[in-house]
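Here are my notes on this entry, set out as numbered points. Please read them with the coordinates open.

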Protein chains: 2
Amino acid sequence: MKKAPQILDELGFRKTEIRIKVLEHLQKVEKAVSQPELEKKFNNLADRVTLYRILSAFEEKGIIHKIMDVHGVARYAMCNEKHCTEHEHHDEHVHFNCTECGDVVCLDTVKVPIIKLPKDFSLSRLNLNIEGTCDNCQK
Amino acid sequence: MKKAPQILDELGFRKTEIRIKVLEHLQKVEKAVSQPELEKKFNNLADRVTLYRILSAFEEKGIIHKIMDVHGVARYAMCNEKHCTEHEHHDEHVHFNCTECGDVVCLDTVKVPIIKLPKDFSLSRLNLNIEGTCDNCQK
DNA sequence: AAATAAATTGCAACATTGTTGCTATTATAA
DNA sequence: TTATAATAGCAACAATGTTGCAATTTATTT
């Protein structure tokens, strides 16, 4: 996996402490994290507006993607290239929202079947939010 | 289709003008409408808190269901019994969010395929948000 | 190494949605 | 018609999202 500072560099971002940490965190957790969560984690390191702008900037550049969780809160996760090939690109995301711990994980391994839409409907993006209990919270 | 006043009656709600109108509206449009949309439509008839409570109460009773649209705004739509039988209940919803007009329609006719989750993940609810262009906005 | 330019941050401020408490009002039953 | 229980309206607050602007910091150039 490419190192955070290098990614920032390549995208023309400055390598500030907070940006590196946010990016490293996103790489490590492999979850869709919300701005409020980052606020708690980095509360002494950055203002919430800064985090908001960092996330927006990262999304703009396409290194993370944004989804709405089941509570209507924006969450951001690294785009996982593992399952995208040149010929088979899939932006279709399955997001699992755990009702116990509140975590949201990208289920990149889960294939979204082709959805047949009614006539004259065209699809541009797709987000499948699943609620339930995650492996960690399973009794 | 059952008339709005009768539905309210059966559920123990009072038949106030605004409740009847909200319910009739939901029945008519066959879309997932947001509280802000209702505020605009009934701005002189009810306070936004009233609309909020009406929607919450309806949802509580199970005559409407609530979903988060792609913007993180709650939307409510009539539960369509057409496709629910006693033996085959499906709460799995496909919601189409039109990027042009902003409307959100419940695609009851679209079947959500069975999603195979990783080990130790259990599913309780599911919402498939699709973004694209709806039939009305198709050029 | 200092100066400059450009990106980034922090703060203030505001909009919107969601939510609760309390009081006033209104629909329905007695 | 009155009593009572449900409903509505208002005030208020929290959380998230968002923008403008001034201050700061990083990176580049001299």
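How do the residues of the surface near DNA strand D divide into nonpolar, polar and charged?

1. **Classes near strand D.** The model is predicted. The surface near DNA strand D has 10 nonpolar, 3 polar and 9 charged residues. In total, 22 residues surround this strand. The closest are Arg14(A), Arg48(A), Arg53(A), Arg14(B) and Arg53(B).

2. **What supplies the surface near strand D.** Four helices each supply at least two residues: helix 3 (35-41) and helix 4 of chain A, and helix 2 (17-29) and helix 4 of chain B. Helix 4 of chain B gives the largest share, 5 residues.

3. **Backbone or bases on strand D.** Take the atoms of DNA strand D within 4 Å of the protein. Sugar or phosphate accounts for 52% of them, and bases for the rest. One base contact is worth checking by eye. An N or O atom in the side chain of Arg14(A) is 2.8 Å from a base oxygen of DNA strand D.

4. **Phosphate contacts on strand D.** Both protein chains take part here. A polar backbone atom of Ala74(A) is 3.0 Å from a phosphate oxygen of DNA strand D. For Arg19(B), an N or O atom of the side chain is 3.0 Å from a phosphate oxygen of that strand.

5. **Strand C.** Here 23 residues surround the DNA strand, and the closest are Arg14(A), Thr50(A), Arg53(A), Arg48(B) and Arg53(B). By class, the surface near DNA strand C holds 11 nonpolar, 3 polar and 9 charged residues. Of the strand C atoms within 4 Å of the protein, 51% belong to sugar or phosphate, and the rest to bases.

6. **What supplies the surface near strand C.** Helix 2 and helix 4 of chain A each supply at least two residues, as do helix 3 (35-41) and helix 4 (48-61) of chain B. Helix 4 of chain A gives the most, with 5 residues.

7. **Phosphate contacts on strand C.** Thr50(A) has a side-chain N or O atom 2.6 Å from a phosphate oxygen of DNA strand C. For Thr16(A), the corresponding distance from a side-chain N or O atom to a phosphate oxygen is 3.1 Å. From chain B, a backbone N or O atom of Ala74(B) lies 2.9 Å from a phosphate oxygen of DNA strand C.

8. **Relation of the two chains.** How is chain A superposed on chain B? A rotation of 179° with 0.0 Å of shift along its axis does it, with an RMSD of 0.1 Å. The two copies are thus related as by a two-fold rotation axis. As for the interface, 97% of the interface residues of chain A are also interface residues in chain B, so the copies meet through the same surface.

9. **The sheet in chain A.** Chain A has an open sheet of 3 strands in the order 1-3-2, with antiparallel pairing. Strand 1 (33-34) and strand 2 (64-68) stand at the edges with a single partner strand each, so one side of each has no neighbour in the sheet. Strand 1 is joined to strand 3 (residues 74-78) by 2 bridges. In this pairing, Ser34(A) stands opposite Arg75(A).

10. **Helices on the sheet.** Helix 2 (residues 17-29) of chain A packs on the sheet and touches strand 1, strand 2 and strand 3. Its direction makes about 80° with that of strand 3. Helix 4 (residues 48-61) of chain A lies across strand 2 and strand 3, running at about 115° to strand 2.

Note on methods: Residues numbered from 1 in each chain as written. Chains lettered and ligands numbered in written order. Predicted model: local features only at pLDDT ≥ 70, side-chain atom pairs only at ≥ 80, totals over all residues. Heavy atoms only, no water. Pairing = 2+ DSSP bridges. Contact = heavy atoms within 4.5 Å. Axes fitted to C-alpha atoms, helices over the stretch in contact; angles between N-to-C directions. Near = heavy atom within 4 Å. Polar contact = N/O pair within 3.5 Å; in protein donor to acceptor, adjacent residues only side chain to side chain. Nonpolar A, V, L, I, M, F, W, Y, C, P; charged D, E, K, R; others polar. Least-squares fit on C-alpha atoms with pLDDT ≥ 70 in both.
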